[in-house]
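Subject: Structure handover

Hello,

Here is the structure I said I would pass on. Please open it next to this email and follow along as you read.

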Amino acid sequence: MDIPEIDVDELEKRCADGATVIDVREPHEYAQAHVPGAVLIPLAELPDRIEEVPVDRAVLFICASGVRSRRAAEFLARQGVDATNVAGGTLAWIEAGKPTVAGPHPG
């Protein structure tokens, strides 16, 4: 399945425009550092929490490096979600010097 991908610079622009970002990492990873406003739904919980994913707008998926988020985006695209993967994930975001939030809340 061909899933659209964006880089962290495009993610930053879309976040500024109010994009929906879902982080599919584990809670301890998310608590260490995440993109401001990203909502945590761990990949393993996604099938059971699918109703929390908006279907009326594009949704951006992020993980540590882009592998888990691609799997999430593929799964949700099959469910009719306009899903985009963030290439390089949170590691690329941090390496680019972009702001992060620590703790269990989106920030």
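What follows goes from the whole chain down to single residues.

The model is a predicted one, so please keep that in mind throughout.

**The whole chain**

The protein has four helices and five strands. Read from the N terminus, their order is β-α-β-α-β-β-α-β-α. The radius of gyration is 12 Å, and the globule rule gives 13 Å for 107 residues, so the protein is as compact as a globular protein of that length. The C-alpha trace spans about 35 × 25 × 25 Å along its principal axes.

Of the 107 residues, 44% count as buried. The exposed area of the protein is about 5,400 Å², of which carbon and sulfur atoms supply 52%. If you take the contacts between residues at least 6 apart in sequence, 67% of them join residues at least 24 apart. On the charge side, there are 10 positive and 18 negative side chains, and the centres of the two sets lie 1 Å apart.

**Both ends of helix α1**

Helix α1 covers residues 8-16. At its start, a side-chain oxygen of Asp-7 comes to within 3.2 Å of the backbone nitrogen of Asp-9. After α1 comes Gly-18, which has a positive phi near 90 degrees.

**Two neighbours in strand β5**

Strand β5 runs over residues 83-86 and includes Thr-84. Asn-85 is in β5 as well. Is Thr-84 buried or exposed? Thr-84 has a relative accessible area of 4%, so it counts as buried, the cut-off for that being under 20%. Asn-85 is also buried, at 0%.

What does the side chain of Asn-85 reach? One partner is the side chain of Glu-5, in a polar contact of 2.8 Å. Another is the backbone oxygen of Gly-66, at 3.3 Å. Leaving out residues within four places in sequence, the contacts of Asn-85 are Ile-3, Pro-4, Glu-5, Ile-6, Phe-61, Gly-66, Ser-69 and Arg-70.

Counted in that way, Thr-84 touches Pro-4, Glu-5, Ile-6, Arg-14, Val-59, Leu-60, Phe-61 and Ala-73. Pro-4, Glu-5, Ile-6 and Phe-61 therefore appear in the lists of both Thr-84 and Asn-85.

**Thr-20 in strand β2**

Thr-20 belongs to strand β2, residues 20-23. With 14% relative accessibility, Thr-20 counts as buried. The side chains of Thr-20 and Arg-57 are joined by a polar contact of 2.8 Å. Beyond four places in sequence, Thr-20 touches Pro-54, Arg-57, Ala-58, Val-59 and Leu-60. Among these, Val-59 and Leu-60 are also touched by Thr-84. Strand β4 covers residues 59-62.

**Three residues in loops**

Which loop holds Gln-79? Gln-79 sits between α3 (67-78) and β5. Gln-79 is partly exposed, at 44% relative accessibility. The side chain of Gln-79 reaches back to the backbone oxygen of Phe-75, at 3.3 Å. Two C-alpha distances help to place Gln-79. Thr-20 is 59 residues from Gln-79 in sequence and 17 Å away in space. Gly-103 is 24 residues from Gln-79 along the chain, with 30 Å between them.

Ala-44 is in the loop that connects β3 (39-40) and β4 (59-62). Its relative accessible area is 67%, so Ala-44 counts as exposed. Ala-44 and Leu-76 are 32 residues apart along the chain, and their C-alpha atoms are separated by 13 Å.

Gly-37 is found in the loop between α2 (27-32) and β3. Gly-37 is partly exposed, with a relative accessible area of 37%. How far apart in space are Gly-37 and Gly-107, which are 70 residues apart in sequence? From C-alpha to C-alpha the distance is 5.5 Å. Gly-107 is also among the contacts of Gly-37 beyond four places in sequence, together with Val-21 and Pro-106.

That is what I have on this one.

Regards

Methods: Residues numbered from 1 in each chain as written. Predicted model: local features only at pLDDT ≥ 70, side-chain atom pairs only at ≥ 80, totals over all residues. Heavy atoms only, no water. Helix = DSSP H or I, 4+ residues; strand = E, 2+ residues; numbered from the N terminus. Rg over C-alpha atoms; globule rule 2.2 N^0.38 Å. Buried < 20%, exposed > 50% of the residue type's maximum accessible area, 1.4 Å probe, protein only. Contact = heavy atoms within 4.5 Å. Areas by Shrake-Rupley, 256 points an atom, 1.4 Å probe, with all protein chains shown as cover. Lys, Arg positive; Asp, Glu negative; His and termini not counted. Charge placed at Lys NZ, Arg CZ, Asp CG, Glu CD. Polar contact = N/O pair within 3.5 Å; in protein donor to acceptor, adjacent residues only side chain to side chain.
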